[in-house]
Amino acid sequence: MSNSMTQLPANEPAAVPQIARRGVLYILSSPSGAGKTTLARRLLAADPGITMSVSVTTRKPRPGERDGVDYLFVDAEKFESMKATGELLEWARVFDNSYGTPRAAVSAAIDSGKDVLFDIDWQGAQQLSEKMKGDVVRVFVLPPSGQILEQRLKSRAQDPPDVVARRMAAASAEISHWAEYDYVIVNSDLEESVRAVTAILAAERLKRERLLGLSVFVRDMQSAL
Ligand code: 5GP
């Protein structure tokens, strides 16, 4: 240990060193009705270091959804041309529509150490994991129980029983992929789940492998000792 350590004046906080790192690709998946969208919104609102990946979809906008904010709404022809030209990092059919993640925004964000949040299904999570292995962190959000999920899916709209049954089947299919995720949150208490997604992100940001600037930082530190 050196005895020539710089003494900081009392009450003056140490400057936090900025260590270059790769961004985290933070994936949230769940059956619809498990609270994933609320969790995503809370995380984005509280943390300026993470931005949402805006997917492309052939689905028609729902009331209140904004083009370029909630999704980039495109027709099937445009979607196919984006696929063909390699503009999509991953894509999948969900229900009767196509969904995909535009590549450009994601590459730019991770290279500059920004984190990106994805609300995508298990198919997208699998593809991103294959393509960007070390960058991906996958969280699966489960509802507190099947009964509660059923109630939520039924109360979402006055849908006919066959539509509700289809949603339940889709939820069950999505849930069957839970074991492919790095973390699983049972969303019984929203505040606790918000703390969990925040804590996971905080820990993943500190992973040694992501901290590209760490060896230089430590080398400089050692040279000063
Ligand atoms: P919704 O139509 O309700 O907005 O989304 C339906 C499902 O598609 C959700 O499970 C959502 O996570 C998933 N999804 C949305 N965007 C994408 C995407 O870009 N890729 C994949 N694979 N799934 C997506």
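Trainee: What makes the contact between the side chains of Lys154 and Glu150 a salt bridge?

Mentor: In this predicted model, the N to O distance for Lys154 and Glu150 is 2.9 Å. The cut-off is 4 Å between a Lys or Arg side-chain nitrogen and an Asp or Glu carboxyl oxygen, so the pair qualifies.

Trainee: Where do Lys154 and Glu150 lie?

Mentor: Both are in helix H5 (residues 146–155), four residues apart, which is about one turn of the helix.

Trainee: Why is Lys154 called partly exposed?

Mentor: Its relative accessibility is 46%. Partly exposed runs between under 20% for buried and over 50% for exposed, so Lys154 falls in that class. Glu150, at 30%, is partly exposed because its value lies in the same range.

Trainee: How do you know that Asp182 and Arg138 form a salt bridge?

Mentor: Their side chains meet at 2.8 Å, N to O, and the limit is 4 Å, so the pair counts.

Trainee: Why is this pair said to tie together separate parts of the sequence?

Mentor: Asp182 sits in the loop between helix H6 (161–175) and strand E9 (183–186), while Arg138 is in strand E8 (residues 136–142), so the linked parts are 44 residues apart in sequence.

Trainee: What makes Asp115 and Arg21 a salt bridge?

Mentor: Their closest N and O atoms are 2.9 Å apart, which is within 4 Å, so the pair qualifies. Asp115 is in strand E7 (residues 115–119) and Arg21 is in the segment before strand E1 (25–29), 94 residues apart.

Trainee: Are Asp115 and Arg21 buried or exposed?

Mentor: Both are buried.

Terms used
Residues numbered from 1 in each chain as written. Predicted model: local features only at pLDDT ≥ 70, side-chain atom pairs only at ≥ 80, totals over all residues. Heavy atoms only, no water. Helix = DSSP H or I, 4+ residues; strand = E, 2+ residues; numbered from the N terminus. Buried < 20%, exposed > 50% of the residue type's maximum accessible area, 1.4 Å probe, protein only.
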